[in-house]
Amino acid sequence: MDKIFTKNIEHESAVKHVTGKAIYTDDISEPKNLLHAVIGYSNCSKGVIKKIDYKDVLSSEGVVDIITEKDIEGINDVGPIFKGDKIFTSKNIEYYGQPIFAVIAKTNNLAKRAALKVKIDLKISKPIVSIEEALKKKSFVLKPKHLTRGNIKDGFKKSDNILKGKLYSGGQDHFYLEGQIAMTIPQEDNNFLVYSSTQHPSETQQIIGKVLKQNYNSIHVIVRRIGGGFGGKETQSFLFAAITSIAAKKLSKPVKLRVDRDDDMIMTGKRHDFLFDYEVGFNNSGEILALKIMMASRCGISPDLSGAINDRAIYHIDNAYFLPNIEINSYRCKTNTVSNTAFRGFGGPQGMFCIENIIENIAQNLNREASEIRKINFYKDKIKNTTHYGMKITDNVIEEIFNKLIKKSNYKKRKIEIDNFNKKNKVLKKGIAITPVKFGISFTTTHLNQGGALVHIYTDGSIHLNHGGIEMGQGLMTKLALVASNEFGLNYEHIKISSTDTEKVPNTSASAASATTDINGAAIVNAINNIKSGLNEFIYDYFKTNSKIKYENNFVYFDKRKISFKELINTAYLNRIPLSSSGFYKTNKINVNTKTLQGRPFLYFTYGAAVTEVIIDKLTGENKILQVDIIHDVGNSINKRIDKGQIEGGYIQGLGWLTTEEVSWKSNGVLTTHSPSTYKIPTAGETPFKFNVEIYDRGFNKEKVINRSKAVGEPPFMLAISSFIALKDAVYNANKRKNSENLIAPATAENILKSLH
């Protein structure tokens, strides 16, 4: 595909979003006799259930039944890869918020009231909560992994300077606008129709099949859109769909489970928080010669997706920097907390956070400008272009973007102005930082890099399109409709994309890893090419021509003739030409050894850079983002309007992770941040006064992906690391150009205050 429609149309559901007409799972017309489920969960983190008394629950108004472990015909587990995610427990409590039963009642409120009446006799024991405790007790959900390159001892010997330190990056709740929800409706022949707010309909289908002990083809999952996911609905949605299905099968009635915000935050996993212990050797110019990293994450009670998440943290520990000698030891810690899960960036942000802090510490140690230290360590085009996991970088544009942003943002001039401001002000101190992003695109689990599509042309020339991707607000449907319209040479309005449906496109991958447009778009093009191949043969034969055929502006051109697309389709139908096809795509070139982590885990990289300027109050620790300047690479954009929105939104969500969103656990494993009153996401008040976003004007993907575009879902999130580094710079300035290493993420007012002398 050489050229795509350049009209930057709005999101296909934009008007419906703002008018409230967009249909989400809770808006679907409720069937007659619908029942409602509410989960009863543990209020301790570790213990043994000695006795449960459901008498008062069952006698409560409106209660129809109680669902427990005994009602599960198949497996009592919704673990996506490894087992360990029980639906219900009847004996051992392993984390605060672990489901024990579900009340089924005539209304949601009646079910909630009844669930509170349960009497549980527990024997409580001491849980493992922190990463440090887990490391000390060697409590892991998976075996540790190790990666080395070069000669680490030799690297340290050649170093003029050696720094040691610890870093910590906090967790993050997904806080999607639409909470977890599912509704299961019994069908004839023991089949079930499931509506679920999930990023992974196919695995929802498979999990329910295993839980109900039925064939997958008896489970039908439909998703039109979800109100945000960010990874929190990649696997964590399975629990809620499974419970509604168990209840629907037992009672032969439709069942809905809608979780309120507090319960959602208590029962579902977060972004992994990480502890880093590092030792870095570097010369007097600031070039890194040796790096030794211990990284440990809080995974929770089960593996979930922690293996792949921690692997990606290893892959992104370099960010944009060549590390000649490196040793990484990665620990996946098992704690008595809810299992942490996928979150935008999938371990990449944590890895980048580590190296960017190390670079900043090197600059402060040498009393050098940090942007220059970054440039010294950048990957280069023909030398120093191989990652620590053995993948050659052939599309590197980071230095060009970085240098362009320094000029565009007036970084050097503002740096001088900030120094002058800080000299004059005793209480208020400013900081500024520029950080790069290099992010790999593809699922690091190779077999997930596949997708399918289904395309129909009706006799009036309108197109029906279906694929395996999930619309979660990111504009996927809009982009893919543009892809189809371009391939057929039709106006965008001719394309209709229907709900993601396991009966139309089977065995799909989750909408994750920023690869959804690449994979599903290519599958759509494959299906369209199959149809066009038949149409072209028909044109050659029917119109007696052998000239080049072109689909453009709602017409089909050949010889010096043209025929409307609608007329062609009608004529083809009358001549019994196929007007429907499935399509398939698998990402090529992906090849990695999962044990050694060596190989090519990504098809390509996407790049960006951000400058953030901040101000802090030394007396209170309060802070404000003053200005943000971004240049980000999206390749040859399919829709700049949507891509720019993703860049802006990604930065703000990353800003929340690093500055306001503090996930806090008591020493007994009880989550204290489980509502908007105790957990602060960014609001309009946290948005920068000046927010300048520019799409890299020379963007082009060397790999043959849709329109030579690049993924834009996750990479912009990591641009926000510049906000934390800028706050670190402000703390450094406030501490009279000394120690800023004590600042931890999130850099809340309290944590900033703690880091000041």
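1. Let's start with helix 15. Just past this helix sits Lys544, and its phi is positive, near 50 degrees. The helix itself covers residues 516–542, which makes 27 residues. At 1.5 Å a residue they should span 39 Å, and the end C-alpha atoms are 38 Å apart, so the helix agrees with what you'd expect. Keep in mind as you look around that this is a predicted model.

2. Helix 7 gives you another one to check. Residues 238–251 form this helix of 14 residues, and from first C-alpha to last it reaches 20 Å, close to the 20 Å expected at 1.5 Å a residue. Right after helix 7 comes Ser252, again with a positive phi, this one near 55 degrees. Is helix 7 enclosed or out in the open? It is largely enclosed by the rest of the structure, because 13 of its 14 residues are buried.

3. Now zoom out to the whole protein. It holds 19 helices and 29 strands. Its C-alpha atoms fill a box of roughly 80 × 80 × 45 Å along the principal axes. A compact globule of 757 residues would have a radius of gyration near 27 Å, and this protein has 27 Å, so the two agree.

4. What about inside versus outside? Of the 757 residues, 63% are buried. The protein exposes about 29,800 Å², and carbon and sulfur atoms supply 49% of that area. The chain also makes plenty of long-distance links: take contacts between residues at least 6 apart in sequence, and 79% of them join residues at least 24 apart.

5. Have a look at strand 9, residues 181–186. Five of its six residues are buried, so you'll find this strand mostly covered. Strand 9 runs antiparallel to strand 12 (residues 255–258), with four bridges joining them; here Met183 has Lys256 as its bridge partner. Strand 9 is also joined to strand 10 by five bridges, again antiparallel, and in this case Thr184 is partnered with Val194.6. Strands 9 and 10 form a hairpin with five residues between the strands, and there Asp189 takes a positive phi near 60 degrees. Strand 10 covers residues 192–196, and Ser196 belongs to it. Is Ser196 buried or exposed? Ser196 is buried, with a relative accessible area of 1%. Its contacts, leaving out residues up to four places away in sequence, are Thr25, Ile181, Ala182, Ile222, Val223, Ser237 and Ala241. Ser196 and Lys256 are 60 residues apart in sequence, yet their C-alpha atoms are 9.7 Å apart in space.

7. There's an open sheet of three strands worth finding too. Its order is 4-2-6, with antiparallel pairing. Strand 4 (92–93) and strand 6 (119–124) are the edge strands, each pairing on one side only. Strand 2 (residues 47–53) is joined to strand 6 by six bridges, and Ile52 stands opposite Ile120 of strand 6.

8. Last stop, the cysteines. How many disulfides does a search of the whole structure find? Zero. As a reminder, a disulfide is a covalent bond between the sulfur atoms of two cysteines. For Cys299, the closest cysteine sulfur is in Cys333, 6.5 Å away, which is too far for a bond. Cys299 is buried, with a relative accessible area of 0%, and Cys44 is buried as well, at 6%.

Technical notes:
Residues are numbered from 1 along each chain as its sequence is written. This is a predicted model: local features need pLDDT of at least 70, side-chain atom pairs count only at pLDDT 80 or more; totals for chains, interfaces and linings use all residues. Side-chain values use heavy atoms; hydrogens and water are left out. Helices (H or I, at least four residues) and strands (E, at least two) are DSSP runs, numbered from the N terminus. Buried means under 20% relative accessible area, exposed over 50%, partly exposed in between (1.4 Å probe, protein chains only). Contact means heavy atoms within 4.5 Å. A disulfide is a pair of cysteine sulfur atoms within 2.5 Å. Two strands pair if DSSP finds at least two bridges between them. The radius of gyration is taken over C-alpha atoms; the globule rule is 2.2 Å times the number of residues to the power 0.38. Accessible areas come from the Shrake-Rupley method with a 1.4 Å probe; for residues, only the protein chains shown count as cover. The expected span of a helix is 1.5 Å times one less than its number of residues.
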